[in-house]
Amino acid sequence: MASSRDDFVIAIRSAFLKKSYQQKFSLLTLIFLSFIIIILGSFNFKAIQYIKIGINEVVYRSSFIVSIPENYFKNLNIKIEEHMNLYNQFKKIEIELKNLKEKKLSNDFLVLENNKLRELINETVQSEDMYAKVLVDKDSPYLKSIILNKGSKNNVKIGMAIVDNSYLVGKIIEVNYTNSRALLLSDLNSKIPVLLEPLDIHAVVSGTGKNHGVIEYTKDEYDQKIEGKEIIVYTSGYGGLFKPGLPVGKMIAEDKIKKNVVNFFSDFRQLDYVKIVSYDIGSGN
Amino acid sequence: MSSLNKNTLIRSLLFYLPVFFLFLSVLNEIDFNYLEIKYFSFNFAYILIFYWTLKNPRYLSYGSIFLAGLINDVVVGIPIGASSFCYLLICAVTAYLRNITITPNFINDWISLAFTILLVNSIQVISLDFIFSIEVNYLRYIINSGFTFILYPIFLFLFNILEKIIKIQKND
């Protein structure tokens, strides 16, 4: 009995402390080191933050380079699929374009009217934007995020909105010197205040970790109201982070189970270039 | 003379192939660990580390495993040090297994892998969910652990072939 315990202790000691073959560090040293890094990282220790920023700078660029071949094949696959569906897409787009042209006329009028009304109440929405390239869009279950090639060098700050064309995509959560990380709307931790139009209901869209979001925390019960309607989800502007009226996604209330599902307008898997935008909403009151 | 140099180069390249695979798997955008296929994913890095450190730790140094873990944390976006800790725990189990095993046996190794995956993933889930308050999908972890266990024999077969090639090159 004592002998088997001795064997166990010897095996454990040998496994952890012996620097076998060409190992430069013992296993125990490295395990301790990683444990210390985790602990210090959780307390936002300055040195660990600097190490992290340093690693980020190198790793994000390296990851972008390493992923070039597979991204080429991924894009090729998408292009082939698009070519296969060309005719169907053309017919669909032709109808959509006709409808949109009609809508644009009334929309132009509304924009003018809106601007006049803003002038009347002395409210201004100023925005600064810059284009950024998506370096890495690694899909992880912990974090739905993208790495952009603009950082503190380009005046990027935490909380800035990320927009794909005119659709909201996410916000900046981490800024390094030459790059930054943006949290996508689909992330589990993403929660943004929205407005369900045309019902005018305030709600919060939460990410699900998948490619869609869900409606949470509505002030009113909306189940009955959305029956058979197409609901467009816009940012409400609450919290002052995003400007009101940025299109987020669409709710299709045909399926009873998927009633609170928001299909985002932007396809987060195909982001190449995005716009980093900061808003300054001023009021004369 | 030139053929001698060429052989040395090929030998060194083959020797560093497991390290290359490890860094490629953590740096790549397409990760087997987070495939977009419903109910299918496996942890390639776990299999790779388990196999090569169990077989012969010369191929994968603990330092490079530690570094790969840090890179994985940065790319995936989890607290820095978490993956390194998990990877090194696998190394600890394999080092222990190497010390107590006289004759390696596939079934024993396979069962040990199941135990290791469960241990490492449990630690990761506990630390992410309870300490860092990062929401994790438990079902995904169970599926991931299952497939990592099931697919091990396939990778064992492939890695055995690779190891034979490395050994042949070394003996030439």
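The exchange below concerns helix packing and the largest pocket in a predicted model.

Visitor: What makes α2(B) and α4(B) roughly parallel?

Guide: Helix α2 (residues 17-27) of chain B and helix α4 (residues 62-76) of chain B pack at an angle of about 15°, their axes lying 9 Å apart. Angles under 35 degrees count as roughly parallel, and α2(B) is therefore roughly parallel to α4(B). In passing α4(B), α2(B) makes a right-handed crossing.

Visitor: Which residues make the contact of α2(B) with α4(B), and how do they divide into nonpolar, polar and charged?

Guide: From α2(B) the contact draws on V19(B), L22(B), F23(B), V26(B) and L27(B), while the residues of α4(B) include I65(B), L67(B), A68(B), I71(B) and V75(B). By class, 10 residues of this contact are nonpolar and 2 are polar, with no charged residues.

Visitor: Why are α2(A) and α4(B) also called roughly parallel?

Guide: Helix α2 (residues 27-42) of chain A packs against α4(B) at an angle of about 15°, with the axes 10 Å apart. Set against the limit of 35 degrees, under which angles count as roughly parallel, this value means that α2(A) and α4(B) are roughly parallel to each other. Their crossing is right-handed, and the contact is made by L27(A), L30(A), L33(A), S34(A) and I37(A) on α2(A), with Y62(B), G63(B), F66(B) and L70(B) on α4(B). This contact has 7 nonpolar and 2 polar residues, and no charged residues.

Visitor: How do you know that α3(B) and α5(B) are roughly parallel?

Guide: The angle between helix α3 (residues 44-55) of chain B and helix α5 (residues 82-100) of chain B is about 30°, and their axes are 9 Å apart. Since angles under 35 degrees count as roughly parallel, the two helices α3(B) and α5(B) are therefore placed in that class. Among the residues that meet here are Y46(B), I49(B) and F50(B) in α3(B), and Y87(B), I90(B) and R98(B) in α5(B). By class, the contact of α3(B) with α5(B) has 10 nonpolar, 2 polar and 1 charged residues.

Visitor: What lines the largest pocket, and which element gives the most to the lining?

Guide: The largest pocket holds about 1,600 Å³ of space and is lined by 31 residues, with N107(A), S166(A), Y167(A), Y234(A) and P247(A) lying nearest its centre. Two or more residues each come from α5 (86-120), β9 (230-235) and β10 (247-252) of chain A, and α5(A) gives the most, with 13 residues. The lining divides into 12 nonpolar, 9 polar and 10 charged residues.

Note on methods:
Residues are numbered from 1 along each chain as its sequence is written. Chains are lettered from A and ligands numbered from 1 in the order in which they are written. This is a predicted model: local features need pLDDT of at least 70, side-chain atom pairs count only at pLDDT 80 or more; totals for chains, interfaces and linings use all residues. Side-chain values use heavy atoms; hydrogens and water are left out. Axes are lines fitted to C-alpha atoms, for helices over the stretch in contact, and angles run from 0 to 180 degrees between N-to-C directions. Helices (H or I, at least four residues) and strands (E, at least two) are DSSP runs, numbered from the N terminus. Angles under 35 degrees count as roughly parallel, over 145 as roughly antiparallel, 65 to 115 as roughly perpendicular and the rest as oblique. A crossing is left-handed if the near helix is turned anticlockwise from the far one by less than a right angle, and right-handed if clockwise. Contact means heavy atoms within 4.5 Å. Ala, Val, Leu, Ile, Met, Phe, Trp, Tyr, Cys and Pro count as nonpolar, Asp, Glu, Lys and Arg as charged, and the others, Gly among them, as polar. On a 1 Å grid over the protein atoms alone, a cavity is a set of points where a 1.4 Å probe fits but cannot get out, and a pocket is an open set with protein on both sides within 12 Å along at least five of seven lines; lining residues have an atom within 4 Å of a point. Grid points are joined across faces, edges and corners, and a volume is the space filled by probe spheres set on the points.
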